[in-house]
Amino acid sequence: MKKIAKVFFNIACIISCVVAAWHFSVPYSSKWFSYIPDAPTEIIQSINYINFCFSFLLAGISLLLLLVQKKLFDGSSELRIFYTFFSLVWFSRIIIQLIWPWPSSLQLWLIVAFSTEFIFTLIPMTYFFKNTRKHEK
């Protein structure tokens, strides 16, 4: 189970890094601002700032988890909490997608993509919590 958890862990972190890297350019490649041509500069900059912070944090968290994975798989409870938060971020993205659906044909693709990423994070998380119970006994 540990090997499977490690594979899924690495896939989840790499996908998150790719999503983060892609998000740095997505406002421009997708021409987000063409949908709000008369928006004040403050709105445009707010979108830029939020997107940058999201991308930077997601990339940073993913890279940090990749760097500390040995300690995490060795049983660090602090890192297990950190990883649980990482998994909850992806779970919350599914919930948001269901509550406020994307108003285009991308809705189904987004739900599938976020659910797949969440499953990649969930498998290692179940390993970490099963492993914790064994150490407590």
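Helix 2 gives the most to the lining of the second largest pocket, contributing 4 residues. Start the tour there, and keep in mind that this is a predicted model.

**Stop 1: the second largest pocket**

Select His23, Trp32, Ile47, Ile50, Asn51 and Phe54, the residues that line the second largest pocket. The space inside comes to about 160 Å³. Colour the lining by class. You will get 4 nonpolar residues, 2 polar ones and no charged ones.

**Stop 2: the whole protein**

Zoom out and switch to a cartoon view. How many helices and strands does the protein have? There are 5 helices and 0 strands. Followed along the sequence, the pattern reads α-α-α-α-α. Turn the model along its principal axes. The C-alpha atoms fill a box of roughly 60 × 25 × 20 Å.

Now colour by accessibility. The protein has 137 residues, and 34% of them count as buried. Contacts are worth a look too. Among those with a separation of 6 or more, 73% join residues 24 or more positions apart.

**Stop 3: the largest pocket**

Show the pocket surfaces again and go to the largest pocket. About 910 Å³ of space lies in it. Its lining has 26 residues, and the closest to its centre are Trp22, His23, Arg93, Leu110 and Phe114. His23 is familiar: it also lines the second largest pocket.

Which elements give two or more residues to this lining? Select helix 1 (2-29), helix 2 (41-67), helix 4 (77-99) and helix 5 (106-136) to see them. Helix 4 supplies the largest share, with 7 residues. Colour this lining by class as well. It divides into 21 nonpolar, 3 polar and 2 charged residues.

**Stop 4: along helix 4**

Hide everything but helix 4. It has 23 residues. From first C-alpha to last it reaches 32 Å, close to the 33 Å expected at 1.5 Å a residue. Next, show the side chains of its buried residues: Leu79, Arg80, Tyr83, Thr84, Phe86, Ser87, Trp90, Ile94 and Gln97.

Stay on Gln97, which is found in helix 4. Is Gln97 buried or exposed? Its relative accessibility is 1%, so it counts as buried. Look for a polar contact here. The side chain of Gln97 makes one with the side chain of Arg93, at 2.7 Å. Arg93 was on the list of residues closest to the centre of the largest pocket.

Bring the rest of the protein back. Leaving out residues up to four places away in sequence, Gln97 touches Trp102, Gln107, Leu110, Ile111 and Phe114. Leu110 and Phe114 are also among the residues closest to the centre of the largest pocket.

**Stop 5: Thr121 in helix 5**

Move to Thr121, in helix 5. At 0% relative accessibility, Thr121 counts as buried. What does Thr121 touch, leaving aside neighbours within four places in sequence? Select Ala12, Tyr83, Phe86, Ser87 and Trp90. Tyr83, Phe86, Ser87 and Trp90 also appear among the buried residues of helix 4.

**Stop 6: two isoleucines of helix 1**

Go to Ile11, which lies in helix 1. Ile11 counts as partly exposed, because its relative accessibility is 32%. Measure across to Phe120. The two are 109 residues apart in sequence, but their C-alpha atoms are 6.9 Å apart in space.

Now pick Ile15, also placed in helix 1. At 30% relative accessibility, Ile15 counts as partly exposed. Its contacts, not counting residues up to four places away in sequence, are Glu117 and Phe120. Phe120 is also the residue just paired with Ile11. Then draw a line from Ile15 to Leu63. The pair is separated by 48 residues in sequence and by 11 Å in space, C-alpha to C-alpha.

**Last stop: Lys31**

Where does Lys31 lie? Select the loop between helix 1 and helix 2 to find it. Check the backbone angles. Lys31 has a positive phi of about 55°, although it is not a glycine. Lys31 is exposed, with a relative accessible area of 55%. Trp32, the next residue along, takes you back to the lining of the second largest pocket.

Technical notes. Residues numbered from 1 in each chain as written. Predicted model: local features only at pLDDT ≥ 70, side-chain atom pairs only at ≥ 80, totals over all residues. Heavy atoms only, no water. 1 Å grid on protein atoms, 1.4 Å probe; cavity = no way out; pocket = protein on both sides within 12 Å on 5 of 7 lines; lining within 4 Å. Points joined across faces, edges and corners; volume = space filled by probe spheres on them. Nonpolar A, V, L, I, M, F, W, Y, C, P; charged D, E, K, R; others polar. Expected span 1.5 Å × (residues − 1). Buried < 20%, exposed > 50% of the residue type's maximum accessible area, 1.4 Å probe, protein only. Polar contact = N/O pair within 3.5 Å; in protein donor to acceptor, adjacent residues only side chain to side chain. Contact = heavy atoms within 4.5 Å.
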